[in-house]
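Got the model open in your viewer? Switch to a cartoon view, keep the side chains handy, and follow along stop by stop.

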Amino acid sequence: MGCDWAARRSGATSRNTPDAETVSTDEATFTSGMVLQTVFETLLHRPLRLVSESDNETSITIIRKGYSRKLCYLQRHQRTSISALNEVFFGDDNIEATFNDEFSVNRLVHRSGLKNESDLLTKGFPADRHWELCRLFGMVVVPDLSSSTTSTRRKQ
């Protein structure tokens, strides 16, 4: 799924990282992921796989199991359904499918924190790591030529 970016006031404070990652996976999946999947399947007349990435292995394990006694409050507190996420991402695990099969299923995969460019927007980093993440984002430094261009124009 493409990147799902949003800024809003949080309705609740997450108690731990798996809580936050599970809630954000739920929001991205049901707010835009499933909608975009349906739209593009309709436009392209073929099934598409929804792939979501998380840098928290505990959250992925919880979603794979379909429940968590420690996070059972999410359903009422944050309106997050772990079982619904399990159904979206792991519901058809008994079907042996390749990416191009008509039985292709959605995937929730682990993404190493070292390759998670979205950390640039949420954490502070030393300069070298900051610029490495900027490069992963596709951001480049544009040199400030305004002072040299201005003086060159004045001379002409």
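Select Glu 132 and Arg 129 to begin: both sit in helix α5, three residues apart, or about one turn of the helix. Helices here are DSSP runs of H or I with at least four residues, strands are E runs of at least two, and both are numbered from the N terminus. An α-helix has 3.6 residues a turn, so residues three or four places apart point the same way.

Before going further, a word on the model: it is predicted, local features need pLDDT of at least 70, side-chain atom pairs count only at pLDDT 80 or more, and totals for chains, interfaces and linings use all residues. Residues are numbered from 1 along each chain as its sequence is written, and side-chain values use heavy atoms, with hydrogens and water left out.

**Stop 1: helix α5**

Now show the side chains of Glu 132 and Arg 129, which meet in a salt bridge at 3.3 Å, N to O. A salt bridge here is a side-chain nitrogen of Lys or Arg within 4 Å of a carboxyl oxygen of Asp or Glu. Are the two partners buried or exposed? Arg 129 is buried, with a relative accessible area of 14%, while Glu 132 is partly exposed at 35%. The classes are buried under 20% relative accessible area, exposed over 50%, and partly exposed in between, with a 1.4 Å probe and protein chains only.

Which residues touch Arg 129, leaving aside its neighbours within four places in sequence? Select Gly 113, Leu 114 and Lys 115 and you have them; contact means heavy atoms within 4.5 Å.

Next, color the whole of α5, residues 127–137. Arg 129, Leu 133 and Cys 134 are buried in this helix. They cover an arc of only 140° around the axis, which puts them on the same side of α5; the arc is that of the directions from the helix axis to the C-beta atoms. Spin the view around, and the face turned away from that buried side carries the exposed residues Ala 127, Asp 128 and Arg 135. Step off the end of the helix and you reach Gly 138, with a positive phi near 95°.

**Stop 2: the strands**

Jump to β1 (residues 51–54) and β2 (residues 107–110). The two strands run parallel, joined by four bridges; pairing calls for at least two DSSP bridges between strands. To check the register, pick Ser 52, which stands opposite Leu 108 in β2. Ser 52 and Ser 54 form the covered face of β1, whereas Val 51 and Glu 53 form the uncovered one. In a regular strand the side chains alternate between the two faces of the sheet.

Keep Glu 53 selected and add Arg 111: here is a salt bridge with the closest N and O atoms 3.1 Å apart. Arg 111 lies in the loop between β2 and α5 and Glu 53 in strand β1, so the pair ties together parts that are 58 residues apart in sequence. Arg 111 is partly exposed at 24% relative accessible area, and so is Glu 53 at 45%. How many salt bridges does a search of the whole structure find? Two.

**Stop 3: the loop before β1, and α1**

Walk back to the loop between α1 and β1, where Pro 47 lies. Draw a C-alpha distance from Pro 47 to Val 105: they are 58 residues apart in sequence and 9.2 Å apart in space. His 45 is in this loop too, with phi near 55°, a positive value in a residue other than glycine. Most residues other than glycine have a negative phi. His 45 counts as exposed at 71% relative accessibility.

Moving into α1 (residues 17–44), stop at Val 35. Together with Leu 36, Val 39, Phe 40, Leu 43 and Leu 44, Val 35 makes a nonpolar surface patch of about 530 Å². Patches use residues with over 30% relative accessible area and no salt bridge, joining like charges within 9 Å and nonpolar side chains (Val, Leu, Ile, Met, Phe, Trp, Tyr) within 5 Å. Areas come from the Shrake-Rupley method with a 1.4 Å probe; for residues, only the protein chains shown count as cover.

**Last stop: zoom out**

Show the full chain and count six helices and two strands, running α-β-α-α-α-β-α-α from the N terminus on. Buried residues make up 31% of the 156 residues.
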